[in-house]
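Visitor: Could you pick one part of this model and go through it closely with me? I'd like the cut-offs spelled out as you go.

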Amino acid sequence: MNQFPSKNYFTMPNELFSLGLDASEIAVYAYLRCLENRSTYQCWPSYTTIGNAVGRAKNTVMRYVDALADLSLIHISEPT
């Protein structure tokens, strides 16, 4: 992979693949990383938006987001 700042890419930790996540949970995590503001490390997509992007229902995405938070891969906070 080329490491040029002008390219649109993001990285994911290698540890992700040793945590027992299924492909859909990894897809949700990857989508959040893709949307993440690289300065603030925040993103604010709705569960529906995430679900549309990864092909899963809102309730399923909510479970995946909770699982990612339980593993400390993401932090969930309410918008201010």
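Guide: Sure; first, contact here means heavy atoms within 4.5 Å. What you're looking at is a predicted model, where local features need pLDDT of at least 70, side-chain atom pairs count only at pLDDT 80 or more, and totals for chains, interfaces and linings use all residues. Residues are numbered from 1 along each chain as its sequence is written, and side-chain values use heavy atoms, with hydrogens and water left out.

Let's start at Ser24. Setting aside residues up to four places away in sequence, Ser24 touches Arg56 and Tyr64. With Arg56 there's also a side-chain to side-chain polar contact at 2.9 Å (a pair of N or O atoms within 3.5 Å; within protein, one must be able to donate a hydrogen and the other to accept it, and residues adjacent in sequence count only if both atoms are side-chain atoms). Ser24 has 12% relative accessibility, so it counts as buried (under 20% relative accessible area; exposed is over 50%, partly exposed in between, using a 1.4 Å probe and protein chains only).

Ser24 sits in helix α1, residues 23-35 (helices are DSSP runs of H or I, at least four residues, numbered from the N terminus). Val28 is in α1 too, and because its relative accessibility is 0%, Val28 is also buried. Beyond its neighbours within four places in sequence, Val28 is in contact with Ile50, Val54, Tyr64, Val65 and Leu68. Take Val65: 37 residues separate it from Val28 along the chain, yet their C-alpha atoms are 7.5 Å apart.

Now zoom out to the helices. α1 packs with helix α3 (residues 58-70) at about 80°, axes 10 Å apart (axes are lines fitted to C-alpha atoms, for helices over the stretch in contact, and angles run from 0 to 180 degrees between N-to-C directions). So α1 and α3 are roughly perpendicular (65 to 115 degrees; under 35 is roughly parallel, over 145 roughly antiparallel, the rest oblique). Ser24, Glu25, Val28 and Tyr29 of α1 meet Tyr64, Val65, Ala67 and Leu68 of α3. By class, that contact has six nonpolar residues, one polar and one charged (Ala, Val, Leu, Ile, Met, Phe, Trp, Tyr, Cys and Pro are nonpolar, Asp, Glu, Lys and Arg charged, the others, Gly among them, polar).

α1 also packs with helix α2 (residues 47-54), at about 115° with axes 10 Å apart, which makes α1 roughly perpendicular to α2. On the α1 side, Ala27, Val28, Tyr31 and Leu32 make the contact, and on the α2 side Thr49, Ile50, Ala53 and Val54. Here the split is seven nonpolar, one polar and no charged.

Definitions and conventions: Helix = DSSP H or I, 4+ residues; strand = E, 2+ residues; numbered from the N terminus.
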